[in-house]
Amino acid sequence: MNVRETYHSAPRRAVVYISGMQQSTGATPPRVMTIAGTDSGGGAGVAADLRTFAACGVHGCVAVTAVTVQNSVGVTGVHTVPPEVVAAQIETVAGDIGLDAAKTGMLATTEIIEAIAAACDRTGIGAAGRTPLVVDPVAASMHGDPLLAASALDAYRTLLFPRATVVTPNLDEVRLLAGVDVHDRAAQYAAAKALHALGPRYVLVKGGHLREDTDACVDLFFDGDTFTELPGPRFATGNTHGGGDSMAAALASGLARGLAVPAAVAFAKRYIVEAVRSAYPLGAGHGPVSSLWTGRPWWDEPPL
């Protein structure tokens, strides 16, 4: 069998010809794990995260925490995964494939959060570890359906927030976790301070639910000393399902690609603005934000 390699200008990329058949050998991209629940309608959860990872040029890995029965209208059922299985997913991937960043989504119960915190410590994720951790403290679906046991709020505060590189709550989650009801910009600043006091290195308070802002959507980034407002357009659409998941996934992707935290936050803001701009209707309820804006429509091109 004759084998020859032709190296192209792209780093670490080769095309291998074996007996007249061309095989592509690509460079390994950064690897990011989502620790979250499923959405059977494909709008949020691990489905949204994996789409975002691919759009941001990273390889997505998954630790499933719960399976939801869900469509565009609402959530009608939740089946949680045993905590030890959640932890095993994290550890088996980290030990073989390796991870450049991780993010959390729907975690459902205190026991699952405890298992995740322990697995992160064992694998160097978050806190002083080598792998940054983005904590998106999902408490309810956009339809208002609960996705987190009330008793698990303390586990977020005491276990995950101190391990987080960045936390990314929306205003409803801010109220539950920090006790701050955000109705204006001043309260958004106060919320960022209250959340930072719980232990994360950085806080991103998302402003999508702040009705005071009629023309803009202002997210607030806080590093413990300095506040940075990240304004973006506000779109007249109800198709924002999976928006919080997607922004946190884009942030984790930026960190995995080696960006400093402020740059990764700006990267995520740019991503989610375009994802909401490109959102599409789906079913009878809320459609999802879209990652398709990043892609070249290769399927419309002539076949090779």
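Buried means under 20% relative accessible area, exposed means over 50%, and partly exposed lies in between, with a 1.4 Å probe and protein chains only. Strand S12 (216–222) is mostly covered by this measure, since six of its seven residues are buried. The structure is a predicted model, in which local features need pLDDT of at least 70 and side-chain atom pairs count only at pLDDT 80 or more, while totals for chains, interfaces and linings use all residues. Residues are numbered from 1 along each chain as its sequence is written, and side-chain values use heavy atoms, with hydrogens and water left out.

**Strands and sheet**

- Helices (H or I, at least four residues) and strands (E, at least two) are DSSP runs numbered from the N terminus, and two strands pair if DSSP finds at least two bridges between them.
- Strands of a sheet pair through backbone hydrogen bonds, either parallel or antiparallel.
- An open sheet of eight strands follows the order S5-S4-S8-S9-S10-S11-S12-S13, and its pairing is mixed; strand S5 (59–64) and S13 are the edge strands, each pairing on one side only.
- Strand S8 (residues 101–104) and strand S9 (residues 133–135) run parallel and are joined by three bridges, with Val-135 of S9 as the bridge partner of Thr-104.
- S12 is antiparallel to strand S11 (residues 202–205), with three bridges between them, and Val-203 stands opposite Phe-222 of S12.
- S12 is also antiparallel to S13, to which seven bridges join it; here Asp-219 has Leu-230 in S13 as its bridge partner.
- The hairpin formed by S12 and S13 has four residues between the strands, and Gly-224 in the turn has a positive phi of about 100 degrees.
- Another hairpin joins S6 to S7 through four residues; S6 and strand S7 (residues 75–80) are antiparallel over five bridges, and Val-67 has His-79 in S7 as its bridge partner.

**Aromatic rings**

- Rings of Phe, Tyr and Trp (its six-membered ring) pair if their centres lie within 6.5 Å, and planes under 30 degrees apart count as stacked, over 60 as edge-to-face and the rest as tilted; by this rule there are six aromatic pairs.
- One of these is the stacked pair of Phe-222 and Phe-227, with 4.2 Å centre to centre and 15 degrees between the planes.
- Phe-222 counts as buried because its relative accessibility is 6%, whereas Phe-227, at 23%, is partly exposed.
- The pair of Trp-298 and Trp-299 is edge-to-face because their ring centres are 5.7 Å apart and their planes stand at 75 degrees.
- Trp-298 is exposed at 57% relative accessibility, and Trp-299 is exposed at 55%.
- Tyr-189, Phe-222 and Phe-227 form one aromatic cluster.

**Pocket and cavity**

- On a 1 Å grid over the protein atoms alone, a cavity is a set of points where a 1.4 Å probe fits but cannot get out, and a pocket is an open set with protein on both sides within 12 Å along at least five of seven lines; lining residues have an atom within 4 Å of a point.
- Grid points are joined across faces, edges and corners, and a volume is the space filled by probe spheres set on the points.
- The largest pocket has a volume of about 1,100 Å³; it is lined by 48 residues, of which Asn-170, His-209, Thr-240, Gly-243 and Gly-244 are the closest to its centre.
- Among the elements that each supply at least two residues of this lining are strand S6 (66–70), strand S13 (227–233) and helix H7 (243–256).
- One cavity of 30 Å³ or more is found in the whole structure, and helix H1 (residues 45–55) gives the most to the lining of the largest cavity, with three residues.
- The lining of the largest cavity includes Ala-48, Arg-51, Ser-246 and Tyr-271.

**Helix H7 and a loop**

- H7 has 14 residues and reaches 20 Å from its first C-alpha to its last, close to the 20 Å expected (1.5 Å times one less than its number of residues).
- Of the 14 residues of H7, 13 are buried, and the helix is followed by Gly-258, whose phi is positive, near 95 degrees.
- Asp-181 sits in the loop between H5 and helix H6 (185–196), and at 47% relative accessibility Asp-181 is partly exposed.
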